[in-house]
Amino acid sequence: MENAHPGFLFGLLIFLLLCSAFFSSSETGILSLNRYRLKHLTKEGHRGAKRVSSLLSRPDRLLGTILIGNNFVNIFASAIATVLAIKLWGEAGIAIATIGLTLALLIFGEITPKTLAALHPERVAYPFSLPLLLLLKLFYPLVILLGWITNGLLRLLGVDPTSKSSDSLTTEELRSVVRESGHELPKNRQDMLLGILDLERVTVDDIMIPRNEVTGINLEDDLDSIINQLTNTTHTRLPVFRTDINQIEGIVHMRQIARLLTHNQLSKEALLAACNEPYFVPEGTPLSTQLINFQKQKRRIGIVVDEYGDVIGIVTLEDILEEIVGDFSNQDTLRSPDIHPQEDGTQVIDGAAYIREINKALDWHLPSDGPKTLNGLITEALESIPDSAVCLKIGPYRLEILQAAENRVKSVRIWQAKTKPKAEPPAAD
């Protein structure tokens with residue numbers, strides 16, 4: 001080598017720098033790949049993805065191949081650079097070769113290729129996986145020997161080299177993945193996926209129609225009133241009860257009695273005969289569980305009951321689906337009917353409004369881990385049933401009770417502290 005032409009040595013040195021860049025970029029590119037996209041492409045039959053998956057199935061062998069090649073290339077380049085420098089500058093060339101090769105390896109063999117591979121891992125990993133597989137076969141005996149030695153050292157340190165970290169995602173991690181998908185996933189689909197994930201955190205209590213708002217057929221009413229109610233209802237399914245909603249007899253589908261109504265043949269006995277057996281849902285049931293239960297039971301409406309068996313509301317399949325895909329109703333005309341924006345920036349809200357719906361409509365963060373309605377939140381905060389004109393503070397929100405009657409808050413004016421109304425009412429406890 002000492003008799004080799006300097007031009008040949010310089011060309012060989014350039015080639016070795018390129019080899020160093022290959023090994024460095026291969027390592028970074030393969031380890032920077034999105035594992036879930038890699039699995040998807042592998043299932044789709046992508047050749048490069050299959051090769052990379054094969055390499056990653058034994059990461060110790062992959063890293064062994066890369067490090068053997070990289071170290072061999074770097075050491076060989078160091079020797080070539082030393083010989084070339086001595087030919088050109090004599091003994092002083094040793095120091096020049098050391099400094100120059102270090103900078104060249106850092107710039108062209110490490111930093112630049114690794115940065116490029118980190119920015120475009122798929123463009124690097126898939127084509128480079130083919131020569132890496134060939135090198136793995138070439139270095140196989142040495143890779144196995146080094147693997148035995150390193151695995152033995154790991155076992156001495158109490159580390160199991162065969163253990164692998166799980167690639168599975170928690171619900172929160174999956175939620176973050178969906179949020180960060182950006183333009184790859186349209187906003188409406190992101191919302192749907194997040195809605196599905198949120199079903200585990202939301203219960204039937206959060207979305208049910210409370211019993212005081214339930215529309216049903218009371219068998220104690222006279223037949224004409226019942227027929228008039230059935231004729232004018234906008235619901236397709238109605239609970240049928242005697243005197244009180246707790247004494248529910250069944251659920252009637254309008255389709256089952258439409259013919260009787262048309263021919264004026266409906267009677268209370270015929271109405272009861274057309275009823276389906278009521279389906280009861282325990283309070284606190286997560287929506288993810290209830291959605292599956294609706295499917296198993298072939299039901300579309302359930303009666304929510306508390307621990308004593310008393311009816312507290314009604315939940316429907318449509319209510320759960322709206323949590324995933326959004327409201328089916330016209331958003332412009334029926335959006336947040338309990339919330340009334342005011343010119344001064346405040347909001348006048350019905351006391352029966354659900355806190356969760358308020359937060360969704362106004363992008364607020366009123367506490368929703370306790371009472372479900374605004375009335376419940378206020379009475380819990382005050383520890384009493386308030387009178388009108390009482391003001392209170394809950395976090396950054398200011399609340400003024402406008403109307404209270406029948407042992408509950410009926411109307412409340414709310415605003416955030418940073419957006420004070422033009423005429424702020426005096427604060428009071």
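## A three-stranded sheet

Let's start with an open sheet built from 3 strands, which line up in the order 2-3-4 with mixed pairing. Strand 2 (217-218) and strand 4 (244-253) sit at its edges with a single partner strand each, so one side of each has no neighbour in the sheet. Keep in mind throughout that this is a predicted model.

Strand 3 (residues 237-242) runs antiparallel to strand 4, and 6 bridges hold that pairing. If you want a spot to look at, find Val240, which stands opposite Gly250 in strand 4.

## A four-stranded sheet

There is also an open sheet of 4 strands, this one in the order 1-7-6-5 and again with mixed pairing. Its edges are strand 1 (209-210) and strand 5 (280-282), each of which pairs on one side only.

Strand 1 is antiparallel to strand 7 (residues 311-316), and the two are joined by 2 bridges. Ile209 has Ile314 as its bridge partner in strand 7. As a general reminder, strands of a sheet pair through backbone hydrogen bonds, whether parallel or antiparallel.

## Two hairpins, strands 10 to 12

Further along the chain, strand 10 (residues 391-394) pairs with strand 11 (residues 397-405) in the antiparallel sense, over 4 bridges. Cys391 is matched with Glu400 of strand 11 as its bridge partner. The two strands make a hairpin with 2 residues between them, and Gly395 in the turn takes a positive phi of about 60°.

Strand 11 then pairs with strand 12, also antiparallel, over 8 bridges. Here Ala404 has Val409 in strand 12 as its bridge partner. This is a hairpin too, with 2 residues between the strands; the turn residue with a positive phi is Glu406, at about 55°.

## Salt bridges across the chain

How many salt bridges does the structure hold? The count is 15. Some of them reach between parts of the chain that are well separated in sequence. Arg356 and Glu323 form one, with their closest N and O atoms 2.6 Å apart. That pair links distant parts of the chain, since Arg356 is in helix 17 (residues 355-362) and Glu323 is in helix 15 (residues 317-325), 33 residues away. Glu323 counts as buried because its relative accessibility is 13%.

Asp344 and Arg413 form another, with an N to O distance of 3.1 Å. Asp344 is in the loop between strand 8 (339-341) and strand 9 (347-350), while Arg413 is in strand 12 (residues 408-416), so this salt bridge ties together parts that are 69 residues apart in sequence. What about the cover on each partner? Asp344 is partly exposed at 24% relative accessibility, whereas Arg413 is buried at 11%. Elsewhere, Glu172, Arg175, Asp198 and Arg201 are joined into one network by salt bridges that share partners.

## Helix 5 meets helix 1

Glu110 and Lys114 make a salt bridge as well, at 3.2 Å from N to O. Both residues belong to helix 5 (residues 93-119) and are 4 residues apart, about one turn of the helix. Lys114 comes out as partly exposed, with a relative accessible area of 29%.

Lys114 also turns up on the contact list of Thr28: setting aside neighbours within four places in sequence, Thr28 touches Lys114, Ala117 and Ala118. Thr28 itself is in helix 1 (residues 6-31). Is Thr28 buried or exposed? Its relative accessible area is 17%, and the cut-off for buried is under 20%, so Thr28 is buried.

## A nonpolar patch on the surface

On the surface, Leu142, Leu145, Leu146, Trp148, Ile149, Leu153 and Leu156 form a nonpolar patch, with about 760 Å² of accessible area together. Take Leu145 as an example: its place is in helix 7 (residues 140-156). Leu145 has 43% relative accessibility, so it counts as partly exposed.

## The loop at Ser267

One last stop is Ser267, in the loop between helix 12 (254-262) and helix 13 (268-274). The Ser267 side chain reaches the backbone nitrogen of Ala270 at 3.1 Å. Ser267 is partly exposed, with 24% relative accessibility. The C-alpha atoms of Ser267 and Asp224 are separated by 9.7 Å, and the two residues are 43 residues apart along the chain.

Note on methods
Residues are numbered from 1 along each chain as its sequence is written. This is a predicted model: local features need pLDDT of at least 70, side-chain atom pairs count only at pLDDT 80 or more; totals for chains, interfaces and linings use all residues. Side-chain values use heavy atoms; hydrogens and water are left out. Patches are made of residues with over 30% relative accessible area and no salt bridge: like charges are joined within 9 Å, nonpolar side chains (Val, Leu, Ile, Met, Phe, Trp, Tyr) within 5 Å. Accessible areas come from the Shrake-Rupley method with a 1.4 Å probe; for residues, only the protein chains shown count as cover. A salt bridge is a side-chain nitrogen of Lys or Arg within 4 Å of a carboxyl oxygen of Asp or Glu. Buried means under 20% relative accessible area, exposed over 50%, partly exposed in between (1.4 Å probe, protein chains only). Two strands pair if DSSP finds at least two bridges between them. A polar contact is a pair of N or O atoms within 3.5 Å; within protein, one must be able to donate a hydrogen and the other to accept it, and residues adjacent in sequence count only if both atoms are side-chain atoms. Contact means heavy atoms within 4.5 Å.
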